[in-house]
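Q: Please take a close look at one part of this model, namely how its side chains pair with one another and with whatever is bound. A single connected account would be most useful.

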Amino acid sequence: MLRESIKVRAPATVANVSCGFDCLGYAISDPADIVTISKNNDPGIEISISGMKADTIPTIAENNTAGKALLSLLEVLNIKQGFKVHIEKGIHPGSGLGSSAASAVAAVFGANVLLGSPLKLEDLLIHCMNGEIVSSGFAHADNVAPALLGGFILVRSYDPLDILKLPIPEKLLSINVLPDYIVNTKEARAILPKDIALTSAIKQLGNLSGFITGLYEKDFALMSRSMVDLFAEPFRSGLIPGYDSMRQSVMDSGAIGCGISGSGPSVFALSDSLNKANIIGKAMVSSFKKSGLESKLFISPVNRLPPKILD
Ligand code: HSE
């Protein structure tokens, strides 16, 4: 007997990880979005939203990342089933913590279960990516892939889609600080240059390869010197008040690396100990405070789990 309704939790994610613009990302434990999705006798997708900055998110399915992702899923399955979707935002939109990705992943994952699981987990990815077009203008996978599949992910290729799961060194912790303001992902992408100098591309290739080797070798020093962003950070750091001095104080506190989470304004750091992670988190929060911004701190290991069915 197929169920009529399901409640799914999908977590926040950190995209780019400094050296892997649009191709590197990992999931964390908190915050998360919770989506309740029920079959509806009427066709179409009815969306309601509560929680963090809910009133800033469109409820028309075509304009909502979860709605768009569901429409993509239904189109491929050639099914007319209607759904009622309630999104409880635990991750505020425009945070740089994969807010749109979490909603899309929870909705698509839940709908697939309600439909009798016609698609495998990996085959849901493309629909979640299609949801991202609404919020960022591009079907990037570096948030949706880790939110859906769990763990640390490399998008080796977009066409054809080739997603690789990377190893996670045991002691690795993520520190995430979310200041109380919104950066629009589309705008944060629009300020990036369309072309990158070959000299910068060479450096970034070396850094991404070095970082991934570091994950495999559990070599935190190699990961640390590889966590440099020449593609996005130089253009986006101005969107985050006090970013340069905050980054310096985080690195001085013993972080493996520190950068802008996704398109910001959240910042992230990696650490190899809880003690250091607490110090790093405090440094980030107090830096935002100096700029007059309240912020929230999350410390967690990389989350290896797929979305969780709550009910
Ligand atoms: N890779 C994307 C970007 C992530 O940096 O624009 C958006 O969260």
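**Salt bridges and the ligand site**

A: In this predicted model, Arg 156 and Asp 162 are joined by a salt bridge in which the closest N and O atoms are 2.9 Å apart. Asp 162 has a relative accessible area of 25%. Asp 162 therefore counts as partly exposed, since this value falls between the 20% limit for buried residues and the 50% limit for exposed ones.

A second salt bridge links the side chains of Asp 272 and Lys 276, with an N to O distance of 2.9 Å. Here accessibility is available for both partners: Asp 272 is partly exposed at 23% relative accessible area, and Lys 276 is likewise partly exposed, at 29%.

Lys 289 and Glu 294 form a further salt bridge, their closest N and O atoms lying 3.0 Å apart. Glu 294 has a relative accessible area of 52%; because this value is over 50%, Glu 294 is classed as exposed. The three pairs described here are among the ten salt bridges counted in the model.

The account now turns to the ligand. The space that the ligand takes is the largest pocket. Around the ligand stand Ala 15, Asn 16, Phe 21, Asp 22, His 140, Asp 142, Asn 143, Thr 185, Arg 189, Arg 236, Gly 262 and Ser 263. By residue class, this shell comprises two nonpolar, six polar and four charged residues. Ala 15 and Phe 21 are the nonpolar members, while Asp 22, Asp 142, Arg 189 and Arg 236 are the charged ones.

Several side chains of this shell make polar contacts with the ligand. Asn 16 places a polar side-chain atom 2.8 Å from an oxygen atom of the ligand. In Asn 143, an N or O atom of the side chain is 3.0 Å from a ligand oxygen atom. Asp 142 instead addresses a nitrogen atom of the ligand, from which a polar atom of its side chain lies 2.7 Å away. On its own the ligand has 260 Å² of accessible area, and the protein covers 97% of it.

In summary, the site combines a shell of nonpolar, polar and charged residues with side-chain contacts from residues including Asn 16, Asp 142 and Asn 143.

Note on methods:
Residues are numbered from 1 along each chain as its sequence is written. This is a predicted model: local features need pLDDT of at least 70, side-chain atom pairs count only at pLDDT 80 or more; totals for chains, interfaces and linings use all residues. Side-chain values use heavy atoms; hydrogens and water are left out. A salt bridge is a side-chain nitrogen of Lys or Arg within 4 Å of a carboxyl oxygen of Asp or Glu. Buried means under 20% relative accessible area, exposed over 50%, partly exposed in between (1.4 Å probe, protein chains only). A residue is near a molecule or strand if one of its heavy atoms lies within 4 Å of it. A polar contact is a pair of N or O atoms within 3.5 Å; within protein, one must be able to donate a hydrogen and the other to accept it, and residues adjacent in sequence count only if both atoms are side-chain atoms. Accessible areas come from the Shrake-Rupley method with a 1.4 Å probe; for residues, only the protein chains shown count as cover. On a 1 Å grid over the protein atoms alone, a cavity is a set of points where a 1.4 Å probe fits but cannot get out, and a pocket is an open set with protein on both sides within 12 Å along at least five of seven lines; lining residues have an atom within 4 Å of a point. A molecule sits in a cavity or pocket if more than half of its atoms lie within 2 Å of its grid points.
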